Amino acid sequence: MLVRWAWCVRPVARRYVTLPRRLLSSQAQLDPQQLSRTTRNIGIIAHIDAGKTTTTERMLYYSGYTRRIGDVDEGSTVTDFLPAERARGITIQSAAITFHWPPTTQQTPSQPSTPTDFSLIPRSSISHNINLIDTPGHADFTFEVLRSLRVLDGAVCILDGVAGVEAQTEKVWTQAGLYHIPRIIFVNKLDRDGAAFSRTVKEIGARLHGWPAVCQIPWWRGGNGDFVGVGDVIYLQGLLWQGAADGSQLKAYSMQELEASDKNFAAEIKKARVTLVELLSEYDDAMVELFLEHDEDHLAIPGTQIIQSLRRTVLQAPQSIIPVFAGASFRNIGVQPLLDAIVDLLPSPLERPSPEISLGKQTSTLSQLLSSTPNTKLPVPIRKHQAPTPLKAPEIRNLTACALAFKVVNDAKRGILVYVRVYSGSIDKGSILYNTNLHIAERAPRLLKMYANDAVEVDSITSGQIGVIPGLKHARTGDTLIVYKGLSSKSAPPGGLDSLQLRPIHVPPPVFFTSIEPHSLSEQKHVQESLAILLREDPSLHLSVDEESGQTHLAGMGDLHLEIARDRLLNDFKAKARIGKIEIGYRETISTATTPYTHHLEKMIAGKIAKAGITASVSPIEEESPADTKTNGEREAAATNAEDSDPFSTTYRTDSGNTIHIAHAPLSRHDSSAHKLHIPPALTLPSILSALHAGASASLARGPLNNFPVANTHIQLTLTPSSHLSPETTPAALSMAARAAVTTSLQTANAGAKAALLEPVMRATIFVNERSLGSVVQDLSSARGGQVLSLDSSGDEGAGDAGGGGAAPDALVHVDPARIYTPPDPFAPSGAGAGGVGMGPADTQRQIVARVPLKEMVGYLNHLRAITGGRGTFVMSVDGFEKMGSQREREVLDKMREFA
Ligand SMILES: Nc1nc2c(ncn2[C@@H]2O[C@H](COP(=O)(O)OP(=O)(O)OP(=O)(O)O)[C@@H](O)[C@H]2O)c(=O)[nH]1
């Protein structure tokens, strides 16, 4: 035992006692495979205020990258770097930073070669390169979290030990599960009054659908005093943070010492170890063998073997076992062992499945694409309106790098920085990057790695790594960038590779908007440039220009989302503009169909006469009943599958449930040679369709009733080449003709029967105690006009709803809370048992799923908190747009007139 203890405490003492110096580029010389093996691309996910930023600050400090610990409340943290974040103490943009753990010191240099056997030494005894992404917790920024999830190989979920599992955590957890991202949990804030580790662990089992593997138990002085450290269930020791205020010194106590000083604590660590071994044995056969090898003594199995077993189970998909660690970052307790767990338990990029890609309408994985040979079946890209062109093996071999731009940041000192995750090959300094979303190429002049506040120049960013490209003019968040051998900045890669998309995601429709008006004409350029940067950073912001009033509208996911955009525009970019009130983005829809109307345009454009014609009609699309309302994902799938079986027509679907159907007989999408007979030489079918689509979309942006965007409307365009096209027809003229024809048709429909206003309706998942259930349901259904869809005990199958799309129920591990081990909670109310899930009936967690108009959900959190004694939380996502009753419509319109 003594030997084991000595072994275990050695790395503890070595790593945590001294604050090492920075060695910024110490891993630069490693070969790419080796670098990948010792890399962890990790995200931190959690509900707002759980302590993500506070924990990240400690990680940077202990790894030696900062010299003082930043404080969220003082606004001095490294990762919350936007003034708006610092002012509010919340994370808005996810930041990505690199550091080494354990720190690279002379005693622990980065290894020239990594051992392959970790049964005797843990991975965390070797310095690893950790790319850490701190993600925002506020529901308005969920999209930012989802975007970051795509580039993660593993995640640490931080829970507030007082609040337990909160709604946003559940939502992001479920999303991470859909991407099969291995996750571990850190129960934070155990120093706070009311901290309940055991209740939180039970909630993990019930609400996050996995068996909590308690790897540490909290150490409260004397069993019920201050929170001072943790009982390490893996290595069987007590870790006490003492001495230095910065938490850099901790002392390890052996079981013998603990038995002498704190018998109950020692007994609890042993009990936790027995449970841990039994739990692992259920999911890992190797653990059963180890158990037998060690004479069925749960305590005799070495800690390094427990770590190995935990790692194997964490990497299983779906993940059934969730390792749980304990601490209080603010008190500097628990962060160093958490860093060890990141290295020991979460996967390297080499251990992750190849990312999903799409090529035209086909999906595949990147490795399938790259390993394709002439004999294997290659994914066949079908670009819109073009005949399929099979990819040839040499074309694939020339694809030397593939990366995702997952974040764009406007850095005050360094300009625009594009954060990329490289998935294959290597981006080298000076490479030409082809952007498959924008279809343009641009050179990467320099490459950087971000270490806290420092940027270090590197020559290449290799597969599995996260790095930064400064100086790109076009790349936006979410764009796929590829390097193709021999490509010049003016050409495109062949064979459909120019449509290659890595992990495409769906952006939900915006539900709030505000207007922006530059103070003067001279300010207009700067305002527009600033808005363009905001949009490059955040594709969930939408911009539209109302040509009649000249007003620019900025739309977003939530009021806070737009508030932050407004602050950034005025304060960070110093744009001089008047920004209107943040308002709900209503939609309007027509109530009657029109007969076909033909618009012939004849106009001087850029000094030349331009002609075009088009026939349009519009008709309402019947609203789906709420019961069969599709999720956004389903709608997206429907849109993607919308490629018409008829080659003489093309259908586009928009976010707001509109369809634009273009009939173009006798022009077939597959037969370009026959087009010569019908189309003037300067035009192609794709350019015609794209111009008509653009014109109709512009018209849909401004409805006939109150200038709100049009929704649930079918647009029928009929192109008759003989009368609508002529040698003077240009795409711009076609677009203008389509816009005029659709606008006139919408106005005709509105004149026939008044168009109706639609409001965004949210699908809200609300978590409350049984005792508040009645009042919350009553408030939702009577005061807020909501429709309660289901009432479940939290942890029921329906919990997948919180994921906004939800995991398939059969993928969820069903956990019986009664079978979960937890150590006693010294501060739980008497008779409350393990708390939460196991508490008295009035405290049972309930989940309400309801459809509620967005208007009623503005500021709902404060109200919910008030009627649930502070315990209620909720998440919501857009479920659709619905007609309002006439009374409500009148109220909304009157209110608008008041502000007009
Ligand atoms: N008592 C106590 N307070 C903590 C602890 N960790 C964080 N806090 C406090 O909790 C508040 C929120 O911490 P943050 O680190 O900003 O939380 P976050 O999860 O990054 O929040 P968002 O970025 O807004 O999602 C701050 O006031 C912290 O000082 C802890 O371990 N104990």
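Helices, of at least four residues, and strands, of at least two, are taken here as DSSP runs numbered from the N terminus. In the predicted model, the element count under this convention comes to 23 helices and 38 strands. The protein comprises 900 residues, of which 50% count as buried. Among contacts between residues at least 6 apart in sequence, 75% join residues that are at least 24 apart.

The chain is divided into five parts, of which domain 1 is assembled from two segments, 40-104 and 126-351, while domain 2 covers 356-502, domain 3 covers 512-581 and domain 4 covers 597-754. Domain 5 is likewise made up of two segments, 758-794 and 837-898. Where domain 1 meets domain 2, 18 residues of domain 1 are in contact with 15 residues of domain 2. On the domain 1 side of this boundary, the elements that give two or more residues are the strand β2 (95-101) and the helix α5 (142-149), and the largest share, four residues, comes from β2. By residue class, this side of domain 1 divides into nine nonpolar, seven polar and two charged residues.

The backbone around β2 has a further feature, since W101 and P102 are joined by a cis peptide bond with omega of about -10°. W101 falls within the range given for β2 (95-101), whereas P102 is placed in the loop between β2 and β3 (128-134). A cis peptide bond is also found between A665 and P666, where omega is about 5°; P666 belongs to the loop between the strand β33 (659-663) and the helix α18 (685-700), and both residues lie within the bounds of domain 4 (597-754).

Positive phi values in residues other than glycine were examined next. H209 is one such residue, with phi near 55°, and its place is in the loop between the helix α7 (197-208) and the strand β6 (211-214). Despite this loop position, H209 is buried, because 26 other C-beta atoms lie within 10 Å, against a cut-off of 20 or more. N332, although not a glycine, has a positive phi of about 60° and lies in the loop between the strand β11 (321-326) and the helix α12 (335-345). With 22 other C-beta atoms within 10 Å, N332 also reaches that cut-off and is therefore classed as buried. Both H209 and N332 fall in the second segment of domain 1, 126-351.

Technical notes:
Residues numbered from 1 in each chain as written. Predicted model: local features only at pLDDT ≥ 70, side-chain atom pairs only at ≥ 80, totals over all residues. Domains from an automatic or database assignment. Contact = placed C-beta atoms within 7 Å. Nonpolar A, V, L, I, M, F, W, Y, C, P; charged D, E, K, R; others polar. Buried ≥ 20, exposed ≤ 12 C-beta atoms within 10 Å, placed from the backbone.
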